[in-house]
Number of protein chains: 4
Amino acid sequence: MGEKSEQKKKIIISCARQVFTEKGYKNVTMKDIVEACEISRGGLYLYFDSTEQIFLEVLKLEQDETDASLEETLYEESTVTDILMLFLKEQKKEILRRDDNLVIATYEFFFVTKFPKKENSARRKFEMGVKLLTEIIEAGVAAGEFYCERPIVTGKNIMFVLEGLKVAARTVGVSEKTVDEQLLYILQGLIYEEEE
Amino acid sequence: MGEKSEQKKKIIISCARQVFTEKGYKNVTMKDIVEACEISRGGLYLYFDSTEQIFLEVLKLEQDETDASLEETLYEESTVTDILMLFLKEQKKEILRRDDNLVIATYEFFFVTKFPKKENSARRKFEMGVKLLTEIIEAGVAAGEFYCERPIVTGKNIMFVLEGLKVAARTVGVSEKTVDEQLLYILQGLIYEEEE
Amino acid sequence: MGEKSEQKKKIIISCARQVFTEKGYKNVTMKDIVEACEISRGGLYLYFDSTEQIFLEVLKLEQDETDASLEETLYEESTVTDILMLFLKEQKKEILRRDDNLVIATYEFFFVTKFPKKENSARRKFEMGVKLLTEIIEAGVAAGEFYCERPIVTGKNIMFVLEGLKVAARTVGVSEKTVDEQLLYILQGLIYEEEE
Amino acid sequence: MGEKSEQKKKIIISCARQVFTEKGYKNVTMKDIVEACEISRGGLYLYFDSTEQIFLEVLKLEQDETDASLEETLYEESTVTDILMLFLKEQKKEILRRDDNLVIATYEFFFVTKFPKKENSARRKFEMGVKLLTEIIEAGVAAGEFYCERPIVTGKNIMFVLEGLKVAARTVGVSEKTVDEQLLYILQGLIYEEEE
DNA sequence: CATGAATGAGAGTTCATTCAT
DNA sequence: GATGAATGAACTCTCATTCAT
């Protein structure tokens, strides 16, 4: 497959992403994707063999983009607290976002497929989150902005809270107020409070 | 429907529960349930119209049982800390449980079905968790065992962490060590530390 | 599946037989059979999973019928020569029969499927033919009607000639005259000629 | 089409022959041939429109080669019996040959295609076999080596036996011993036995 | 001439749902 | 009420064939 094919592949992945966003993972058929791409039935099979394969590519693309945007924006901020707040703000967006949103499909996917533990991109994403938070916290402690005894455990804790919020938002429902409340709670748990 | 019918319905729900436990929500077909119940194809339709309906009943049953068992066991303990620890221990079991386990199916279900907000039993369960934790925390504060400024927010926070752990255990994988670490972290965040 | 199902199965096999007769083996699709049976698409799958399975049943039925008819008719004759002639006459019919005829489909089937040597019904049929001929010849020799040194080898030889005629009739074409000529040749090779 | 095209055509036919040898006739798709030839999909259609057309060319090539080799080798032998034995030995090879072998595909082809009687190369081959055998037998009779009343009928008979063996070898299975037995039987039927 | 991406008809298969018994 | 055979819509996947480049 030449360059052109790569181009086409990307278009398919992009259309498919939209479909997964709307219907989740398991509900999506090859036919859905065919129709979304305005491609022929057989045409799709030239590039991909199954919805699973396509979804994996969607995830890969997703990850690359996330990685890039994180790096880019985070380190422009001045204080560690600002960085953390920016991170949490991004998370808030992802938690509450209703429209363009792969979160559900991703959960479904990892629930259902017996994923080969390595190459599990969700895990990578989670671990990167923990690492990032840990670094931020450590930097904050060093800068005298934060108080934290075990940054790694706290980092993980925050990631679990965020994960819980994401899921809850899509199952039981979570109000923006609740999200704000929780993010503030996280922040306050870290910020050094002199009066204590 | 007479008594006999009620009886039959219960049998179906019980068999179906097993199926959902094994295959999640979306993967389960009416055929699967028919086979598990050793009932006739048409017979099943006398009681239920869809897997969705059946799953809702499974959830309802589940809830009743959970409610009952919670009430029962919790208030036998002596100290508030003990009660909290017992609660967390139960949660740990649910987080790590691999075999008999409706968690995945439940998530899937609430992801996919545009749930009628009322009657959302997952929400009720979550809220009950928050309420229980809040009560425990308040009792703990009153007893001088805990320190906590806003019990409700902390209660929610704990529930989100637990939710995050549950999901993570089924997607990216979570070790028992990590679970213990997080539960301990929760506990330590509450217990009044005099030296501070 | 109860008795009624058995009934239905037989109807399907019978319709399918017709289809195989007309189109050979490989050309037949499940759809063809569905249409021939005037059954629903899914209905067929209640009874059979593949054309292969159906064809095997057709063959089985075929065999049973052949076995029965052979036994029945053969032993009514008076002299061994008459018996042999009757057998050959039957074979002639099968060689030349153009209309109701599974021969081609059967060859195709055994060409293409890597048949489990045992359970190969074509083999059984061939061997039964050899056995029958051998017995006839031996009886003929005993009765002083035939001359033959090694009845088994001759029996096989005759079966191979008949096999060759059958195939040739369906590939290169064989005239009735040629068939008669060959059958006569076989007969003359056996009948004791005193003048020699 | 120029010389170059002829060249290409031959390459295609040669590759296709290999494919037919491995998969029979009906199982071969244009795709298979495209892949075997390492030619482009569209390219193949410049030369041939269907697998049928290609197979016909394969057969033609086959025939030319067979013709040539027969002529060449046969008439080097000294006695008629030797010539016949050589012929039968060649046939034995073809009967038992498992690997490089178009026999099955050829049968399949002539079963399925409603062959235009003329241009039926299988028929030509069969008739050439009969003619050759008849000549050999007649020569043998003239030389006093064979005894035979109607050489043409006997020639046909031998061809039918060989045909039967070929088919049987590919359907019900035939041991080498059986082939030898039959070839010997043919030979003994011809050789003049003085003691009689 | 040559390429190979694209098309769409059609085969195989599964399942929710109905309905005569 | 209960049964399970039957239906047909929908999905997956393959391949002969075309056509812009």
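Student: How many residues of domain 1 of chain A are in contact with residues of domain 2 of chain A?

Tutor: Keep in mind that we're looking at a predicted model. To read a contact like this, count the residues on each side: here 10 residues of domain 1 of chain A meet 11 residues of domain 2 of chain A.

Student: Where does each domain of chain A begin and end?

Tutor: The domain assignment puts domain 1 of chain A at 1-61 and domain 2 at 77-196. Taken over C-alpha atoms, their centres are 30 Å apart.

Student: Which helices of chain A supply at least two residues each to the side of domain 1 that touches domain 2?

Tutor: Look at helix H1 (3-23) and helix H4 (51-74) of chain A. H4(A) gives the most to that side of domain 1, with four residues. Then sort that side by residue type: you get four nonpolar, two polar and four charged residues.

Student: Let's step back to the whole chain. How many helices and strands does chain A have?

Tutor: Chain A has nine helices and zero strands. For the overall dimensions, picture a box along the principal axes: the C-alpha atoms of chain A fill one of roughly 70 × 40 × 30 Å.

Student: And how much of chain A is buried?

Tutor: Burial is read residue by residue, by looking at how many neighbours surround each one. Of the 196 residues of chain A, 33% count as buried. You can also ask how far apart contact partners sit in the sequence. Among contacts in chain A with a separation of 6 or more, 65% are between residues 24 or more positions apart.

Student: Which residues touch the most other members of the largest nonpolar core?

Tutor: That core has 92 residues, and the answer is Phe20(C), Leu165(C), Phe20(D) and Leu165(D). Take Phe20(D): leaving out residues up to four places away in sequence, Phe20(D) touches Tyr25(D), Val28(D), Phe55(D), Val58(D), Leu102(D) and Ala105(D). Another core, of 91 residues, lies apart from the largest one and has Phe20(A), Ile33(B), Phe126(B) and Leu190(B) among its members.

Student: Now the DNA. Which residues are closest to DNA strand F?

Tutor: Start with everything around the strand, then pick out the closest. DNA strand F is surrounded by 35 residues, and the closest are Gly42(A), Gly42(B), Gly43(B), Gly42(C) and Thr29(D). Helices of chains A, B, C and D each supply at least two residues of this surface, including helix H3 (41-47) of chain A and helix H1 (3-23) of chain B.

Student: How do the residues of the surface near DNA strand F divide by type?

Tutor: Sort them as before: 10 are nonpolar, 16 polar and nine charged.

Definitions and conventions:
Residues numbered from 1 in each chain as written. Chains lettered and ligands numbered in written order. Predicted model: local features only at pLDDT ≥ 70, side-chain atom pairs only at ≥ 80, totals over all residues. Domains from an automatic or database assignment. Contact = placed C-beta atoms within 7 Å. Nonpolar A, V, L, I, M, F, W, Y, C, P; charged D, E, K, R; others polar. Core = buried A, V, L, I, M, F, W, Y, C linked by C-beta atoms within 7 Å. Buried ≥ 20, exposed ≤ 12 C-beta atoms within 10 Å, placed from the backbone. Near = placed C-beta within 6 Å.
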